[in-house]
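Reader: I would like to learn how to read the features of a model such as this one. Please take them one at a time, general idea before particular case.

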Amino acid sequence: MEQSISAARLAELVGTFDRSPAYAGLAEAVRELIGDGRIGYGTRLPSERDLTDALGVSRTTVTRAYAVLRDSAFAEARQGSGTYTRLPGGRTRALDRALWPSDVGRGVIDLVCAAATAPPGMAALYAEAAAELPAHLGGHGYFPAGMPALQEAIAATYDARGLATGPDQIIVTAGALAASAVIGSALAGTRDKVLMESPTYPNAVQALRAGGGRLVTITLDPTGWDLDAVGATVARHRPRLVHVMPDFHNPTGLVMADDDRAAYAGLLERYGSVAVVDEAHHALSLDPPHVAGRPFASYAPDAVCVGSASKSVWGGMRLGWIRAPRPLVDQLTRARVGLDLGAPVLEQVVLTRLLTGDADAVLALQRDRLREQRDALVGALAARLPDWRFRMPAGGMALWCHLPTTASGAGATALSLEAERHGVLLAPGPSFAPAGGLDRYVRLPYAIAADQLVTAVDRIAAAWAVVSSGRAGSRAPVSGSDPVLVA
């Protein structure tokens, strides 16, 4: 079905665009909306006359803006039909073949990757950073611990959360996984054990075992952390590192209560284990006053924290960081140099500008989008798959859904295969189970546009009808290989 966007809606989305000159500012605003997916590929734009009235600008402004969009390959004119959005390089210009096999057809909806598009304003931040870049070109460009200004800006975010932090405690990395790999390489050797929850973010498992640490798992109940079980497991195995996600856990969405954080930290201190605190989602609180708790490290001074701009801002920035107690900083820095010599300068300048500027406004826009998308997904599931069970997460990026038992006994793995035949890529529960199992669960991210989520649920419902009836075959997935789970 052909999609279109009304002049009123487009005017709402472009907001107060730069009017110096107005046509260029309008074109840039629309280009950003198309680029980050808020206006879909192949959407018919409003007529020049309608958009002129909605924006209160001259007809010439809109005409010239549309011409800029066409010249930059973000739109095309169709004779007798109107102006339609497109992208330079076509629809698949953003698809990495490691994530999307080349034979995945058009219209496939990706619910494997839990990562949102960039919030409004990112293009402007990059342009400002690029203008600043010449000031940094006279140096060698290597910052193994991070650019000092960014270290200060990140440290300030911990101060604001009530965890006193100096810039010298921050190590900037190329993403949270790189940060976890540094920690694993530095702190967990081949004789050490690394305790991970199940379910958990699967790539963190491999990253924390970069130094050869041996994996130990503990079951995370869908309702929360069982501290008695944690205590017994830690006492038995004496792990060197314990990975914990207390804020909007991936994939369950759980938030650890402050009392439990204190008790958990006490258990680790008793047995000499170091907490590796994954805080990638802590800024994604969608339902105030239900917010993330106090930093886990405020209860565990030896804890090493991992942060990331990928979830709260944009994955394409590829910046993460480590917040470490001072006695560990040198050891971690040496391990980091063994992996790489620093993150790109341009991205560090962008993130510094964001954190020292209006970061709250940018994050608010991101949270507003995620909240709208979460609610659309929940509504669609209630309408089409009312017997699926899940906790309504107060933040984060995904629902952790428990599938009902069927006469056929089929679970999430069978569903993911059938769903691909219906045009949706899914990550079944076993993807998040380091020790196996969890085939009655599936993670559904709400990181894409609301209308796409509703369409995805329609397709998933059709696939589930096939699977639950026992009619699903055992054929290989349409793409010929499983999509890589990156977020």
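Author: A definition comes before the strands: a residue is buried when its relative accessible area is under 20%. The model shown here is predicted.

Reader: With that cut-off, which residues on the two faces of β9 are buried?

Author: On one side Val 304, Val 306 and Ser 308 are buried, and on the other Cys 305 and Gly 307 are buried, which leaves both faces of β9 covered. Five of the five residues of β9 are buried, so this strand is largely enclosed by the rest of the structure.

Reader: Which strands pair with β9, and in what sense?

Author: Strand β8 (residues 274–278) pairs with β9 in the parallel sense, over three bridges. In that pairing Val 276 stands opposite Val 304 of β9. Strand β10 (residues 320–323) pairs with β9 in the antiparallel sense, over four bridges. There, Arg 323 in β10 is the bridge partner of Cys 305.

Reader: How many residues of strand β13 are buried?

Author: Five of the five residues of β13 (residues 441–445) are buried, so β13 too is largely enclosed by the rest of the structure. One side carries Tyr 441, Arg 443 and Pro 445, the other Val 442 and Leu 444, and all are buried.

Reader: What stands opposite Arg 443 in the neighbouring strands?

Author: Trp 400 stands opposite Arg 443, and so does Ala 427. As for the pairings, strand β11 (residues 398–402) and β13 are antiparallel over five bridges. Strand β12 (residues 424–428) and β13 are antiparallel over two bridges.

Reader: Next, empty space. What is the general idea?

Author: A probe the size of a water molecule, rolled over the atoms, shows where space is left empty. For a cavity, the probe fits but cannot get out.

Reader: How many cavities of 30 Å³ or more are there, and how much space lies in the largest?

Author: The count is three cavities of 30 Å³ or more. The largest cavity holds about 60 Å³ of space. Its lining includes Ala 114, Phe 248, His 249, His 281, Met 397 and Arg 443. By class, the lining of the largest cavity has five nonpolar, six polar and one charged residues.

Reader: Where does the largest cavity lie with respect to the domains?

Author: The domain assignment gives domain 1 (7–85), domain 2 (109–114 + 361–469) and domain 3 (138–356). Domain 2 and domain 3 both give residues to the lining of the largest cavity, so this cavity lies between them. As for domain 1, its C-alpha centre and that of domain 3 lie 42 Å apart.

Reader: And an open space: how much space lies in the second largest pocket, and what lines it?

Author: The second largest pocket has about 750 Å³ of space. Its lining is made of 31 residues, and Thr 157, Arg 161, His 282, Ala 283 and Leu 363 lie nearest the pocket's centre. By class, this lining has 18 nonpolar, eight polar and five charged residues.

Reader: Which elements supply the lining of the second largest pocket?

Author: At least two lining residues come from each of α6 (148–160), β9 (304–308), α12 (345–356) and α13 (359–384). The largest share, six residues, comes from α6.

Reader: Now the backbone. Which residues other than glycine have a positive phi?

Author: Ala 73 is one of them, with phi of about 70°, and it is found in the loop between α4 (59–71) and β1 (75–78). Phe 248 is another, with phi near 55°. Phe 248 is found in the loop between β7 (241–244) and α10 (258–271), and at 1% relative accessibility it counts as buried.

Reader: Where are the cis peptide bonds?

Author: One joins Ser 20 and Pro 21, with omega about -5°. Pro 21 is in the loop between α1 (7–14) and α2 (22–35). Another joins Ser 198 and Pro 199, with omega about 10°. Pro 199 is found in the loop between β5 (193–198) and α8 (202–208).

Reader: Last, how many disulfides does a search of the whole structure find?

Author: The cut-off is a pair of cysteine sulfur atoms within 2.5 Å. The search of the whole structure finds zero disulfides. Take Cys 113: the closest cysteine sulfur, in Cys 401, is 17 Å from its own, too far for a bond. Cys 401 is buried, with a relative accessible area of 0%.

Methods
Residues numbered from 1 in each chain as written. Predicted model: local features only at pLDDT ≥ 70, side-chain atom pairs only at ≥ 80, totals over all residues. Heavy atoms only, no water. Buried < 20%, exposed > 50% of the residue type's maximum accessible area, 1.4 Å probe, protein only. 1 Å grid on protein atoms, 1.4 Å probe; cavity = no way out; pocket = protein on both sides within 12 Å on 5 of 7 lines; lining within 4 Å. Points joined across faces, edges and corners; volume = space filled by probe spheres on them. Nonpolar A, V, L, I, M, F, W, Y, C, P; charged D, E, K, R; others polar. Domains from an automatic or database assignment. Pairing = 2+ DSSP bridges.
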